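Q: Please take a close look at how the helices pack here. Keep it to the contacts and the residues around them.

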Amino acid sequence: MPSPLNRSQLHFLLQLLAFGLLVGLACWPLNLVDHAQDLLLQSLPNFAGGAWTLQSLAIALAPVLVMPALLWLQTGPWARGAGSGIPQTIESLQNPDKATDLMAPFATVARLCLWSAASLALMPLGREGPVVQLGAAVAHGLQRRFPRLLAQLNTQSLMAIGAGAGLAGGFNSPLMGAVFVVEELTGRFQTAVLWPAVVVCSAAALVSNLGGIPLFTLGIIQTIQPEWQQLLWSLPVGVGGGLLGGLFSRILWRSSALLRQPVQQRPLVWGLILGMALGLIAVASGGWSGGDGEALMAQLLDSHGSLPVPGSPLSIIGWLLVVAARVGAPVLALATGIPGGLIDPAFAIGALFGSGSLELLGGDSQLGMALGMAAALAGATQLPLMTVLFALRMAGDQQWLFGIVLSAVVGAYVGRQIQAEPIYHALWNLSSNNDQSAPRR
């Protein structure tokens with residue numbers, strides 16, 4: 001006969017698994033939207049090959065109509081659904097009395113609808129914001145409805161674990177979700193939180209895997225580069241990628257501060273202006289600026305290179321313009337408060353920079369892609385451990401470990417020199433009218 005303690009532990013474990021499965025199921029529709037976005041991208045010239053058609057132009061210019069509608073909704077009837085979702089989650093953890101409003105079903109559904117419409121209009125948004133808030137909202141709702149469920153965890157810990165499970169369910173990356181809980185949301189490693197987070201995130205990731213999200217998004221990127229070459233290239237790519245990632249987060253933070261009041265006052269006008277800008281950038285780039293960036297990274301991998309016009313004198317200019325488009329376009333969308341995230345956009349920036357840099361220097365573009373992804377994401381988020389886990393999950397080969405670790409650490413250090421306050425906390429301070437200048441770490 002099992003002892004009462006063992007029975008209690010088993011009951012707790014089963015509750016954690018059920019909680020994770022529930023969060024994974026809640027994230028499933030968002031993963032379907034992300035898949036639909038990839039299908040729409042395949043109709044654009046630089047993904048499909050060929051010239052523009054009326055249909056592809058209509059798809060690329062969708063933000064011209066969609067952006068004004070979204071800004072009107074999120075400054076009016078759906079105002080509670082505005083914002084990334086991560087600042088709202090941090091606010092709920094720091095001030096639990098506000099969680100009832102921020103994690104309410106209406107606010108959560110509104111945020112998911114806004115993000116879905118923006119994603120289907122091919123706006124360059126990631127999805128960690130909505131899935132993190134969704135996981136936290138599921139946790140908050142469960143505890144309010146069933147207060148005895150998972151009673152061993154306090155409200156803040158349960159919401160933080162739910163938020164990490166949302167990340168795991170959205171990206172099929174359980175370790176990334178668990179580390180996000182302790183590296184970003186709680187700020188400290190606690191066994192009492194870490195092991196339940198791993199269980200819940202694993203269950204959530206299992207659902208996303210069954211829903212079609214592969215374990216290694218880019219496939220297995222194998223390398224024959226010796227470790228010393230990886231480490232050698234990690235330094236310059238880490239500096240460059242971290243610089244771009246830090247600039248991306250800095251520009252996003254400043255743009256969010258500048259656009260906040262004008263968008264509130266004239267949402268339709270600003271929506272039309274910014275929507276036209278996004279549409280024109282998409283047309284000028286042949287579609288490369290659209291979407292969250294995963295389709296672009298897959299294309300880089302398939303073509304074994306990154307330069308738009310390989311071998312021609314214009315190739316460097318073309319490459320730099322695409323990198324600039326992938327930095328600027330996400331800022332135009334995210335700075336308005338449309339729900340989204342910056343993980344995939346930052347990854348795409350780093351992939352373009354790293355693969356192009358090594359291709360120009362005669363190195364292995366796939367090595368540059370792996371190192372650049374890690375450097376830019378760590379530079380943008382200042383979360384090197386989460387970055388390493390996600391980069392390895394994207395690449396799918398542990399042979400990249402040494403190079404990715406060094407590139408991520410260097411990128412995070414360089415990014416912090418540009419954006420002193422980690423971007424998620426900077427946006428939280430902005431949204432809650434706190435002091436924006438004082439770093440939280």
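A: **Helix packing and the residues around it**

In this predicted model, helix 4 (residues 62-75) packs against helix 13 (residues 267-284) at an angle of about 145°, with axes 7 Å apart. Helices here are DSSP runs of H or I, at least four residues long, numbered from the N terminus. Axes are lines fitted to C-alpha atoms over the stretch in contact, and angles between N-to-C directions run from 0 to 180 degrees. The crossing of helix 4 past helix 13 is right-handed; that is, the near helix is turned clockwise from the far one by less than a right angle, and anticlockwise would be left-handed.

Helix 4 brings Pro63, Val64, Met67, Pro68, Leu71, Trp72 and Thr75 to this contact. Helix 13 answers with Pro267, Leu268, Trp270, Gly271, Leu272, Leu274, Gly275, Met276 and Leu278. Contact means heavy atoms within 4.5 Å. By class, the contact of helix 4 with helix 13 has 13 nonpolar, three polar and no charged residues. Nonpolar covers Ala, Val, Leu, Ile, Met, Phe, Trp, Tyr, Cys and Pro; charged covers Asp, Glu, Lys and Arg; the others, Gly among them, are polar.

Some ground rules. Numbering starts at 1 along each chain as its sequence is written, and side-chain values use heavy atoms, without hydrogens or water. Local features need pLDDT of at least 70 and side-chain atom pairs count only at pLDDT 80 or more, while totals for chains, interfaces and linings use all residues.

Isoleucine 338 touches helix 4. It sits in the loop between helix 15 and helix 16 (343-360). It is buried, at a relative accessible area of 2%; buried is under 20%, exposed over 50%, partly exposed in between, with a 1.4 Å probe and protein chains only. Beyond residues up to four places away in sequence, isoleucine 338 touches Met67, Leu70, Leu71, Gln74, Ala118, Met123, Leu125 and Ala333. Met67 and Leu71 also take part in the contact of helix 4 with helix 13. Isoleucine 338 and tryptophan 115 are 223 residues apart along the chain, yet their C-alpha atoms are separated by 6.8 Å.

Now helix 9. Helix 8 (residues 128-145) and helix 9 (residues 155-171) pack at about 140°, and their axes are 7 Å apart. That angle makes the pair oblique. Under 35 degrees would count as roughly parallel, 65 to 115 as roughly perpendicular, over 145 as roughly antiparallel, and the rest as oblique. Helix 8 passes helix 9 in a right-handed crossing.

Which residues of helix 8 and helix 9 meet? From helix 8 come Glu128, Val131, Val132, Gly135, Ala136, Ala139, His140 and Gln143. From helix 9 come Thr155, Leu158, Met159, Gly162, Ala163, Gly166, Leu167, Gly170 and Phe171. The contact of helix 8 with helix 9 divides into nine nonpolar, seven polar and one charged.

Helix 9 also packs against helix 5 (residues 86-94). Their axes come within 9 Å and cross at roughly 165°. Helix 5 and helix 9 are therefore roughly antiparallel. This crossing is left-handed. Thr89, Ser92 and Leu93 of helix 5 meet Gln156, Met159, Ala160 and Ala163 of helix 9. The classes are four nonpolar, three polar and no charged residues.

Leucine 167 of helix 9 deserves a closer look. Apart from neighbours within four places in sequence, it contacts Glu128, Val131, Val132, Met176, Gly177, Phe180, Ile343 and Met386. Leu167 is also among the residues with the most contacts inside the largest nonpolar core, along with Phe19, Met123, Phe180, Phe248 and Tyr424. That core has 122 residues. Such a core is a set of buried Ala, Val, Leu, Ile, Met, Phe, Trp, Tyr and Cys residues joined through side-chain atoms within 4.5 Å.

Two loop residues flank these helices. Leucine 122 lies between helix 7 (105-120) and helix 8. Its phi is positive, about 65°, although it is not a glycine. At 6% relative accessibility, leucine 122 counts as buried. Asparagine 172 lies between helix 9 and helix 10 (174-185). Its phi is near 50°, again positive in a residue other than glycine. At 4% relative accessibility, asparagine 172 is buried too.

Last, two residues in other helices. Valine 323 is in helix 15 (residues 315-334) and is buried at 8% relative accessibility. Outside its sequence neighbours within four places, it contacts Leu244, Leu352 and Phe353. Glycine 368 is in helix 17 (residues 365-381) and is buried at 0% relative accessibility. Leaving aside neighbours within four places, glycine 368 contacts Val237, Gly350, Gly354, Ser355 and Leu358.

How values were computed:
Helices (H or I, at least four residues) and strands (E, at least two) are DSSP runs, numbered from the N terminus.
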